[in-house]
Amino acid sequence: MEKVFIIGLGLIGGSISRAIKKEHPSVQLVGYDIKNDQVQMAKKLGIIDQSAESIKEGAESADVIIISTPVEQTLNVLTFLGELSLKEGVIITDVGSTKKKIVDHASFSLPKTVTFIGGHPMAGSHKSGVAAAKTHLFENAFYILTPGSNERPEKIEQLKKLLKGTKAQFIVMTPEEHDSITGVISHFPHLIAASLVHQAEKKEEMFPIIKRLAAGGFRDITRIASSNPVMWRDIIVHNHDVLIELFDEWIQEMKQIKQFIEKLDKEQLYTYFEKAKTYRDGLPEREKGAIPSFYDLYVDVPDYPGVISEITGYLAKEEISITNIRILETREEIFGVLRISFQSDEDRMKAKQCIDRYTNYETYIL
Ligand SMILES: NC(=O)C1=CN([C@@H]2O[C@H](COP(=O)(O)OP(=O)(O)OC[C@H]3O[C@@H](n4cnc5c(N)ncnc54)[C@H](O)[C@@H]3O)[C@@H](O)[C@H]2O)C=CC1
Ligand SMILES: O=C(O)C(=O)Cc1ccc(O)cc1
């Protein structure tokens, strides 16, 4: 029986563990976390089959090791793994949001007999902790793999097979490509989101009503600023070279817009917004690749009989048609997840507003 050892039982480690279990029920999932409450919760929720007392105990008998700690900790874990007697043929992977530092560190701390394949499932949330772990967290998301240039293709295939239950779309690239891309679309926007929040907070001294008025669009564009500060501090530090370059480019961009505004150059301002709108409108709503396109809405619902008819009742009242509805997971005393599919994004958004209006259940789009 294949033994998979998960180090770091949080949102991502827990979600991967769930996805592996669903696809490969016979795999033995062993977990370790420095926080005992996370280990106990993971056991209680059936996310792992058993816990290890130490990294050494779990790692030396594992066929696959998944490191799902914050990226700075991942470096320490790799150093430690390099000092152990690991099984021949073991595959080690991680889930960190940065790749260059981690892949470089793995290549000098691990013996050549070990396969290291960097990994980054590109989905998540601002929540952390194992209690928020979900089997379908990575469904339809991209899952980037950054293997070393000497790794054998069959090892990459073995890892993809193990992670099949994530239903993610795998893409292989270099760690440098990964960090440049995620710098632009994830890390830098995170800094901007946090800076906008700080700006609003400073203005609150003058206009105490700001907080109440900021509940709409401002909340949407700053959602990621509610993420775990330790995790993001580490990500920014890891990818600092890329980010410094992006800062220079962005400051130039801001200077240019500032000039348009100072000169009251309506034409340039219009073109600026118009070009941004065209590019943004052309972004795939959810890139699916080979996976068929559905407009899914997820609803965290309490697990009681009749909850489906309650929800469909609200939707029927507002004449919103659905194409499919399914409970994805139910556990005793814990919320289940309803996945409702719609024909269009418009219907999905109407449904989200409708459910938000009638209930307190959390609705979200992955
Ligand atoms: N949260 C997100 O949306 C996403 C996060 N990631 C990456 O996934 C990794 C984990 O993030 P989350 O699961 O969100 O964080 P989390 O905070 O939910 O879980 C991390 C877990 O690692 C444990 N941990 C820390 N140091 C440890 C160590 N030395 N040994 C064992 N356990 C240790 C913590 O106690 C915690 O339970 C990070 O590297 C992050 O960059 C990747 C994609 C999305
Ligand atoms: O909350 C969100 O929308 C995110 O952007 C989640 C996320 C956080 C970190 C990653 O490396 C990938 C995805």
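**Ligand 1**

I looked up which element gives the most to the shell around ligand 1, and I found α4, with four residues. I note here that the model I worked from is predicted. In total, 31 residues surround ligand 1. I listed the closest as G8, G10, S97, G124 and S128. I then checked which elements give two or more residues to this shell, and they are α1 (11-23), α4, β6 (115-121) and α10 (229-238). By class I recorded 13 nonpolar, 16 polar and two charged residues around ligand 1. I also checked the domains: domain 1 (3-173) and domain 2 (177-281) each supply at least three residues to the shell around ligand 1.

**Ligand 2**

For ligand 2 I wrote down the surrounding residues: S97, M122, A123, G124, S125, H126, S186 and I224. I sorted this shell into three nonpolar and five polar residues, with no charged ones. S97 and G124, which are around ligand 2, are also listed among the closest residues to ligand 1.

**Domains**

I took the division of the protein as domain 1 (3-173), domain 2 (177-281) and domain 3 (295-364). Between domain 1 and domain 2, I noted a separation of 31 Å for the C-alpha centres. Their contact takes 14 residues from domain 1 and 16 residues from domain 2. On the domain 1 side, I found that α4, α5 and β7 (142-147) give two or more residues. That side divides into four nonpolar, six polar and four charged residues.

**α4 with α5**

I returned to α4, which also contributes to the shell around ligand 1, to look at how this helix packs. Helix α4 covers residues 71-82 and helix α5 covers residues 100-109. I read an angle of about 10 degrees between the two helices, with their axes 9 Å apart. Angles under 35 degrees count as roughly parallel, and α4 and α5 are therefore roughly parallel to each other. From α4 I listed V71, T74, L75, L78, T79 and G82, which meet K101, I102, H105, A106 and S109 in α5. I counted this contact by class as five nonpolar, five polar and one charged residues.

**α7 with α11**

Next I looked at helix α7 (residues 175-204) and helix α11 (residues 240-262). They pack at an angle of about 60 degrees, and their axes are 9 Å apart. That makes α7 oblique to α11. I recorded the crossing of α7 past α11 as right-handed. On the α7 side I found D179, S180, G183, V184, H187 and F188, and on the α11 side V242, L243 and L246. I sorted the residues of this contact into five nonpolar, three polar and one charged.

**α13 with α14**

My last helix pair was α13 (residues 307-317) and α14 (residues 345-358). I noted a packing angle of about 115 degrees, with the axes 10 Å apart. Their crossing is right-handed. I listed I311, Y314 and L315 of α13 as making the contact with A351, C354, I355 and Y358 of α14. By class I have seven nonpolar residues here, with no polar and no charged ones.

Terms used: Residues are numbered from 1 along each chain as its sequence is written. Chains are lettered from A and ligands numbered from 1 in the order in which they are written. This is a predicted model: local features need pLDDT of at least 70, side-chain atom pairs count only at pLDDT 80 or more; totals for chains, interfaces and linings use all residues. Axes are lines fitted to C-alpha atoms, for helices over the stretch in contact, and angles run from 0 to 180 degrees between N-to-C directions. Angles under 35 degrees count as roughly parallel, over 145 as roughly antiparallel, 65 to 115 as roughly perpendicular and the rest as oblique. Two residues are in contact if their C-beta atoms, placed from the backbone, lie within 7 Å. Ala, Val, Leu, Ile, Met, Phe, Trp, Tyr, Cys and Pro count as nonpolar, Asp, Glu, Lys and Arg as charged, and the others, Gly among them, as polar. A crossing is left-handed if the near helix is turned anticlockwise from the far one by less than a right angle, and right-handed if clockwise. Domain bounds come from an automatic or database domain assignment. A residue is near a molecule or strand if its C-beta atom, placed from the backbone, lies within 6 Å of it.
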